Amino acid sequence: MWAELLPVGRSASSGGYRRFAWNSADAECRAWFEEQARSRGLAYELDRNGNQWAWLGDPNAGGAIVTGSHLDSVPDGGAFDGPLGVVSAFAALDELRARGAEFDKPLAIVNFGDEEGARFGVACIGSRLTAGVLGKEQAYALRDADGVRLPDAMERAGYDPAAIGADHERLGRVGAYVELHVEQGRYLTEEHPVGVASAIWPHGRWRFDFHGEANHAGTTRIEDRRDPMLTFASTVLSAREKAELAGALATFGKVAVEPNGTNAIASLIRGWLDSRAADEPTLTALVEEIRAAATERGGRDGVRVELTRESYTPVVDFDGPLRDRLAERLGKVPVLPTGAGHDAGILASAIPTAMLFVRNPSGVSHSPAEHAEEPDCLAGVTALADVLEDLACQQR
């Protein structure tokens, strides 16, 4: 399975992946998922939001145990973030069948669409729509860098955007969701290659618009300039300093410049801030401090600053009894928080959710250097199989 997925959407120049929502690479990944489901005799289903489901047992019976992750990527992302969870889910089912496990609850494997938000700027769109966290009107307003609306992209890919929206009936049939994911950091050890998530830090994305005045780079006097690039650069440095002082994280990883000419002073800089912290008051205060610093510097540069919150996820504490049950079943493995968002975090407000992490010795994620050793990946499959057997199978 892993070898089949590796070449899909991979850039020859960077070695990273460009599997974005509703593009050709995404279509290949979706076809792969459907093939894996049907080859195992599972009932394949596409929900109203474009998420893919593979069912063992009656989907309408209730109390289903669901596992899986996503197959899309960030721009030039790594091979493991997302796909490891989907591949491991199918492998864990194979392992349980080899054990002769007898299921007394329905089991489903899911591929949530557009988890990374690389194309439309909002993370976890598939699970947000399903949980009702993202409304249909909001989703319809989303556009990619080329101005293509999300519903138009779905339609071009052969899906019906008219149906998208909250799917409480589907979630009502789910008893628990367990997502396996490659570790995004470097906390697990060779002794403990698998861990259980305790919580997800609150996090969000904010767009800063720095409005200046376009002018000639070679003829405009320094004192006559209203250069938004200066305000933006100062804000980037300020964000790093203030995050470090707060024990939090703040990253400007995306920027758009108008008119984007080498010999022109910019008229507008758009910079997207990703910020995360251990608790919501810290995160709120940090973003406000960054905004205040940007506004103060903009006043000196003759630049107007606007701030728009594009997405926000509050702190997620995974279901306590489910989390503890997983940790106990796996032999009291490490239980640790994460600063990364996941579909499991979005769904936690509606159903019991939990996460398993597989060791990443490099600590690198969202990069072609992202890696997990094969023995650790196999340990993850075994751990997931053990958990699913505990949750979905008759106990001997």
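In the protein chain of this predicted model, residues 24 or more positions apart account for 76% of the contacts that have a separation of 6 or more. The secondary structure of the protein chain comprises 12 helices and 15 strands. With 396 residues, a compact globule would be expected to have a radius of gyration near 21 Å, and the 22 Å of the protein chain agrees with that. The C-alpha trace spans about 80 × 45 × 40 Å along its principal axes. Of the 396 residues, 52% count as buried, while the protein chain as a whole exposes about 17,000 Å², of which carbon and sulfur atoms supply 49%.

A good place to begin looking inside is strand S4, which covers residues 107-111. Because 5 of its 5 residues are buried, S4 is largely enclosed by the rest of the structure. Leu107, Ile109 and Asn111 point one way from this strand, whereas Ala108 and Val110 point the other way, and all of them are buried.

The partners of S4 come next. Strands of a sheet pair through backbone hydrogen bonds, and the pairing can be either parallel or antiparallel. Strand S2, residues 52-56, pairs with S4 in the antiparallel sense over 5 bridges, and within this part of the structure Leu56 stands opposite Leu107 in S4. Strand S3, residues 64-69, pairs with S4 in the parallel sense, again over 5 bridges, and the bridge partner of Thr67 in S4 is Ile109. Between S3 and S4 the chain crosses through helix H3, residues 83-99, and this β-α-β crossover is right-handed.

Further along the chain, the reader can turn to an open sheet of 4 strands, which has the order S9-S11-S7-S12 and antiparallel pairing. Its edge strands are S9, residues 249-258, and S12, residues 304-313, each of which pairs on one side only. Neighbouring strands of this sheet are turned by 20° against each other on average, with direction ignored. At one end of the order, S9 is joined by 9 bridges to strand S11, residues 268-276, and the two run antiparallel. Ala250 stands opposite Ser275 in S11.

Two helices accompany this sheet. Helix H8, residues 228-246, lies across S7 (203-211), S9, S11 and S12, and runs at about 170° to S9. Helix H9, residues 280-301, packs on the sheet as well, touching S7, S9, S11 and S12, and its direction makes about 10° with that of S7.

A single residue, Ile265, may serve as a last stop. Ile265 lies in strand S10, which consists of residues 264-265. Its relative accessible area is 3%, under the 20% limit, and therefore Ile265 counts as buried. When its neighbours within four places in sequence are left aside, Ile265 is in contact with Glu213, Ala214, Asn215, His216, Ala217, Thr220, Arg225, Arg226, Asp227 and Pro259. By contrast, the C-alpha atoms of Ile265 and Ser14, which are 251 residues apart along the chain, are separated by 31 Å.

Note on methods
Residues numbered from 1 in each chain as written. Predicted model: local features only at pLDDT ≥ 70, side-chain atom pairs only at ≥ 80, totals over all residues. Heavy atoms only, no water. Pairing = 2+ DSSP bridges. Axes fitted to C-alpha atoms, helices over the stretch in contact; angles between N-to-C directions. Contact = heavy atoms within 4.5 Å. Rg over C-alpha atoms; globule rule 2.2 N^0.38 Å. Buried < 20%, exposed > 50% of the residue type's maximum accessible area, 1.4 Å probe, protein only. Areas by Shrake-Rupley, 256 points an atom, 1.4 Å probe, with all protein chains shown as cover. Right-handed = clockwise from strand over helix to strand, strands pointing away.
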